[in-house]
Amino acid sequence: MIDWKIDSWRKLPIKQVPKYSDMARVNSIEKELSVRPPLVFAEEARRLRKRMSEVAEGKAFLLQGGDCAESFAEHNANNIRDSFRVLLQMAVVLTFGSALPVIKIGRLAGQYSKPRSSSVEVINGVSLPSYRGDMVNDMAFDDKAREPNPERLLQVYDKSASTLNLVRAFASGGMADLTKLHEWNLEFVRGTNEANKYKELAAKITSSLEFMNACGMTPENTAQLRETEFYTSHEALLLNYEQALTRKDTITEEKGWFATSAHMLWVGDRTRSIDEAHIEYMRGIANPIGLKCGPSTDSDDLLRLIEKLNPLNQAGRLTLIARMGSDNVYKKLKPLISAVKKSGLIVGWCCDPMHGNTVKASTGFKTRKMDDIMAEVRGFFEVHNEMDTIPGGVHFEMTGQNVTECVGGVYEVSESNLADRYHTHCDPRLNATQSLELAFLVADLLAENRVGLGKKIAAVS
């Protein structure tokens, strides 16, 4: 990357950025962030890149999930704990279904900004700047709240640091104990009309844990049963924040620039223009990165993006996160997979079944239907099976809270009760029960895919 500089993105066109009124204060805050301690370390990002290479090769499965947009109001220990716990519960189910290690990456500790389809929002004839996440402005619909405020960049740093501190404690302090996680899974399958297949899988997990215990492997004497690796990620949207937390690795022999705001960053579907600022920034950092691919993604453009973002064609560097919508997944995804396969370029493939399936309910709420979400996941697996390629992971927007934002699930959420607990600051999220239900369903797909996956791994190796 000899032609790349940490600020070279500033010379290029850029989308989805706020217009601050006090640029002197913005510059001052950027300088302050640039001397604060990194939130993550280069070796952690390097370790995740190794894990992501295993995803690309079919030797591991990716589970990436968390809030659509984190909020300052909901930033507390209980919410962080509950989302972390649900992700671990999902991972237990997916590990059993796939017989593969599950790489766990949270959409947290930095996911405070969101791209918007319009720069303004109009309510009752009043037009104000759109809410772009707590990193930029406030959700309240008034002039002062919607004014982009650079002080929020410092708040995001502080809240991300405290989130990371707690998550690291959870990961190594006992919350990841497999036996406890499975007990919570068992609670999920009790009392539902559609729980038979879940109970069957839960019984198999119980048998496996009992077998390990009989062999003398317990959480008390085996660290792998009580601790876990957990990584963080967010969309790289506000590049001035990302640049301020980008540091050069001067310790190891493998030099390079690393984003230290998260272990993994991704580029959204709205900011992936190849000659613009977001791609320019992302091509220069050494972290594992993601690229969202929506239904408008052109095969030739995608190949050019892959070559620019991963010029050395390294496994684990780039994951393509497909977000097509349940109606488009087969028609739109297959040409992309075909082009990438023919090119010989190395990527991981991940399914985001959330963003292409947002609809407006009859009650006026923005929502997503569980049936559509699962239809896209099934389509993702079907296309990969047909193309003899590897379905590497799933990417969900979810929360550990008992919200009513997405419709459906074994504990039915209907359009009529969306208003009961509709708390999202942006897009609708799966609640804890819906998230776990999806994990069991994806585990079924992984189990069905296991024989074919073994052949693919052998071919890649």
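**Exercise 1. The cores**

Which residues touch the most other members of the largest nonpolar core? Then describe the second core.

*Solution.* The model is predicted.
Step 1. The largest nonpolar core has 102 residues. Tyr-241, Leu-320 and Phe-396 touch the most other members of this core.
Step 2. Look for the main contributor. Helix α3, residues 77-98, gives the most to this core: 10 residues.
Step 3. Turn to the second core. This core is separate and has 12 residues. Among them are Val-55, Ala-60, Trp-266 and Cys-350.

**Exercise 2. The whole chain**

Describe the overall build of the protein chain, then compare its radius of gyration with that of a compact globule.

*Solution.*
Step 1. Start with the secondary structure. The chain has 13 helices and 14 strands.
Step 2. Take the radius of gyration. For 461 residues, a compact globule would have a value near 23 Å. The protein chain has 21 Å, so the two agree.
Step 3. Take the box along the principal axes. The C-alpha atoms fill roughly 65 × 55 × 45 Å.
Step 4. Check burial. Buried residues make up 57% of the 461 residues.
Step 5. Check the contacts. Consider those with a separation of 6 or more. Residues 24 or more positions apart account for 76% of them.

**Exercise 3. The cavity**

How many cavities of 30 Å³ or more does the structure hold? Describe the lining of the largest cavity.

*Solution.*
Step 1. The structure holds one cavity of 30 Å³ or more.
Step 2. The volume of the largest cavity is about 190 Å³.
Step 3. Its lining has 15 residues. Nearest the centre lie Asp-67, Glu-70, Glu-74, Asn-79 and Ile-80.
Step 4. Sort the lining by type. Three residues are nonpolar, eight are polar and four are charged.
Step 5. Ask which element gives the largest share. That element is α3, with three residues. Helix α3 also gives the most to the largest nonpolar core.

**Exercise 4. Two loop residues, Asp-134 and His-423**

Is Asp-134 buried or exposed? Treat His-423 in the same manner, and list the contacts of both.

*Solution.*
Step 1. Locate Asp-134. This residue lies in the loop between β4 (126-129) and α4 (143-146).
Step 2. Its relative accessible area is 3%, so Asp-134 is buried. The cut-off for buried is under 20%.
Step 3. Leave aside the neighbours within four places in sequence. Asp-134 is then in contact with Glu-70, Ser-71, Phe-72, Ala-73, Tyr-112, Arg-152 and His-425. Glu-70 is also one of the residues nearest the centre of the largest cavity.
Step 4. Now locate His-423. Its loop runs between β14 (393-397) and α13 (432-460).
Step 5. His-423 has 38% relative accessibility, so this residue counts as partly exposed.
Step 6. Leave aside the neighbours within four places again. His-423 is in contact with Glu-74, Val-403, Glu-405 and Arg-429.
Step 7. Look at one of these partners. His-423 and Val-403 are 20 residues apart in sequence. In space they are 6.8 Å apart, C-alpha to C-alpha.

**Exercise 5. Positive phi**

What is the phi of Ala-99, and what is that of Asn-313? Give the place and accessibility of each residue.

*Solution.*
Step 1. Phi of Ala-99 is near 55°. The value is positive, in a residue other than glycine.
Step 2. Ala-99 sits in the loop between α3 and β2 (102-107). With 53% relative accessibility, Ala-99 counts as exposed.
Step 3. Asn-313 is not a glycine, yet its phi is positive, about 55°.
Step 4. Asn-313 is in the loop between α10 (299-309) and β10 (318-322). With 25% relative accessibility, Asn-313 counts as partly exposed.

**Exercise 6. Two leucines**

Where are Leu-209 and Leu-345? Decide whether each is buried, and place each against a partner.

*Solution.*
Step 1. Leu-209 is in helix α7, residues 196-214. Its relative accessible area is 18%, so Leu-209 is buried.
Step 2. The partner is Thr-179, 30 residues away along the chain. The C-alpha atoms of Leu-209 and Thr-179 are 7.3 Å apart.
Step 3. Leu-345 is in the loop between α11 (329-343) and β11 (348-351). Its relative accessible area is 17%, so Leu-345 is buried.
Step 4. Here the partner is Pro-311, 34 residues away along the chain. The C-alpha atoms of Leu-345 and Pro-311 are separated by 9.5 Å.
Step 5. Leave aside neighbours within four places in sequence. Leu-345 is in contact with Leu-303, Ile-306, Glu-307, Asn-313 and Val-340. Asn-313 is a residue with positive phi.

Note on methods
Residues are numbered from 1 along each chain as its sequence is written. This is a predicted model: local features need pLDDT of at least 70, side-chain atom pairs count only at pLDDT 80 or more; totals for chains, interfaces and linings use all residues. Side-chain values use heavy atoms; hydrogens and water are left out. A nonpolar core is a set of buried Ala, Val, Leu, Ile, Met, Phe, Trp, Tyr and Cys residues joined through side-chain atoms within 4.5 Å. Buried means under 20% relative accessible area, exposed over 50%, partly exposed in between (1.4 Å probe, protein chains only). Helices (H or I, at least four residues) and strands (E, at least two) are DSSP runs, numbered from the N terminus. On a 1 Å grid over the protein atoms alone, a cavity is a set of points where a 1.4 Å probe fits but cannot get out, and a pocket is an open set with protein on both sides within 12 Å along at least five of seven lines; lining residues have an atom within 4 Å of a point. Grid points are joined across faces, edges and corners, and a volume is the space filled by probe spheres set on the points. Ala, Val, Leu, Ile, Met, Phe, Trp, Tyr, Cys and Pro count as nonpolar, Asp, Glu, Lys and Arg as charged, and the others, Gly among them, as polar. The radius of gyration is taken over C-alpha atoms; the globule rule is 2.2 Å times the number of residues to the power 0.38. Contact means heavy atoms within 4.5 Å.
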